[in-house]
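Please take a moment to look over the sequence and the model together. The paragraphs that follow lead from one helix to the next and then to a few single residues.

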Amino acid sequence: MTPEEHERYVRWQDYRITQHSFSINLFLSFAVASLAYAINLKFEHKPHGNIPLELTIACWGLSAAFGCVATIFKLLDFRYTARKIKDGGGFNTLMAKVCGPITWVGFWVQVIAYSYGAYLFISGAASQ
């Protein structure tokens, strides 16, 4: 890899990391805000169509939980990758390899759970 290619790779890697973190935080914010709104509807006993609001609350709660999991494992991935580079070691290498995929799984579960909850919520509102 030429120095120019290496510089370009490092720059795009930084963009990827930044956008991934932003996406996790965006869906986490959506999930928490939507969850608060749905719980408020539940406490006020406002009707919400044919679909039970509890299922929507469960989906958005799951999305928020997996957003937290993705954030924590992303931080652990950074920690163990830095330690692997600095100190080496089998444990740091293993943890760096494991935490990255868990972060991505957490992110996708977060996105899918939020989307399904949103679909249920909108379907319930449309059926009124």
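What covers the buried residues of H2? The cover includes helix H1 (3–43) and helix H3 (90–126), where helices are DSSP runs of H or I with at least four residues, numbered from the N terminus, and buried means under 20% relative accessible area, with exposed over 50% and partly exposed in between (1.4 Å probe, protein chains only). This is a predicted model, in which local features need pLDDT of at least 70 and side-chain atom pairs count only at pLDDT 80 or more, while totals for chains, interfaces and linings use all residues. Residues are numbered from 1 along each chain as its sequence is written, and side-chain values use heavy atoms, with hydrogens and water left out.

The residues of H2 that are buried are Leu53, Thr56, Ile57, Cys59, Trp60, Ser63, Ala64, Gly67, Ala70, Lys74, Asp77 and Tyr80. The length of H2 can be checked against its expected span, which is 1.5 Å times one less than the number of residues: the 35 residues of H2 should span 51 Å, and the end C-alpha atoms of H2 are 50 Å apart, which agrees. After H2 comes glycine 88, whose phi is positive, near 75 degrees.

H1 can be read in the same way, since its 41 residues should span 60 Å at 1.5 Å a residue and its end C-alpha atoms are 60 Å apart, which agrees. In H1 the buried residues are His20, Ile24, Phe27, Leu28, Ala31, Ser34, Leu35, Ala38 and Leu41, and the buried residues of H1 pack against H2 and H3. H1 is followed by histidine 45, whose phi is positive, near 55 degrees. Proline 47 lies in the loop between H1 and H2 and is exposed, with a relative accessible area of 66%. The C-alpha atoms of proline 47 and glycine 124 are separated by 9.5 Å, although these residues are 77 residues apart along the chain.

How are the helices set against one another? H1 and H2 pack at an angle of about 150 degrees, with their axes 8 Å apart; axes are lines fitted to C-alpha atoms, for helices over the stretch in contact, and angles run from 0 to 180 degrees between N-to-C directions. That makes H1 roughly antiparallel to H2, because angles over 145 degrees count as roughly antiparallel, whereas those under 35 count as roughly parallel, those from 65 to 115 as roughly perpendicular and the rest as oblique. H1 passes H2 in a left-handed crossing, a term for the case in which the near helix is turned anticlockwise from the far one by less than a right angle, a clockwise turn being right-handed.

The axes of H2 and H3 come within 7 Å and cross at roughly 160 degrees, and H2 and H3 are therefore roughly antiparallel to each other. H2 passes H3 in a left-handed crossing. The axes of H1 and H3, in turn, come within 10 Å and cross at roughly 35 degrees, and the crossing of H1 and H3 is left-handed. Among the residues that make this contact are Phe27, Leu28 and Ala31 of H1 together with Trp104, Phe107 and Gln110 of H3, where contact means heavy atoms within 4.5 Å.

Leucine 28 of helix H1 counts as buried, at 17% relative accessibility. Leaving aside residues up to four places away in sequence, leucine 28 touches Ala64, Gly67, Cys68 and Gln110. Leucine 28 and cysteine 68 are 40 residues apart in sequence and 7.6 Å apart in space, C-alpha to C-alpha. Phenylalanine 66, in helix H2, is partly exposed at 27% relative accessibility, and with the same neighbours in sequence left out, phenylalanine 66 touches Gly106, Val109 and Gln110.

The cysteines remain to be considered. A disulfide is a covalent bond between the sulfur atoms of two cysteines. With a disulfide taken as a pair of cysteine sulfur atoms within 2.5 Å, the count comes to zero disulfides. Why does cysteine 68 not form a bond with the closest cysteine sulfur? The closest cysteine sulfur to that of cysteine 68 is in cysteine 99, 16 Å away, which is too far for a bond. Cysteine 68 is partly exposed, with a relative accessible area of 40%, whereas cysteine 99 is buried, with a relative accessible area of 0%.

Definitions and conventions. Helix = DSSP H or I, 4+ residues; strand = E, 2+ residues; numbered from the N terminus.
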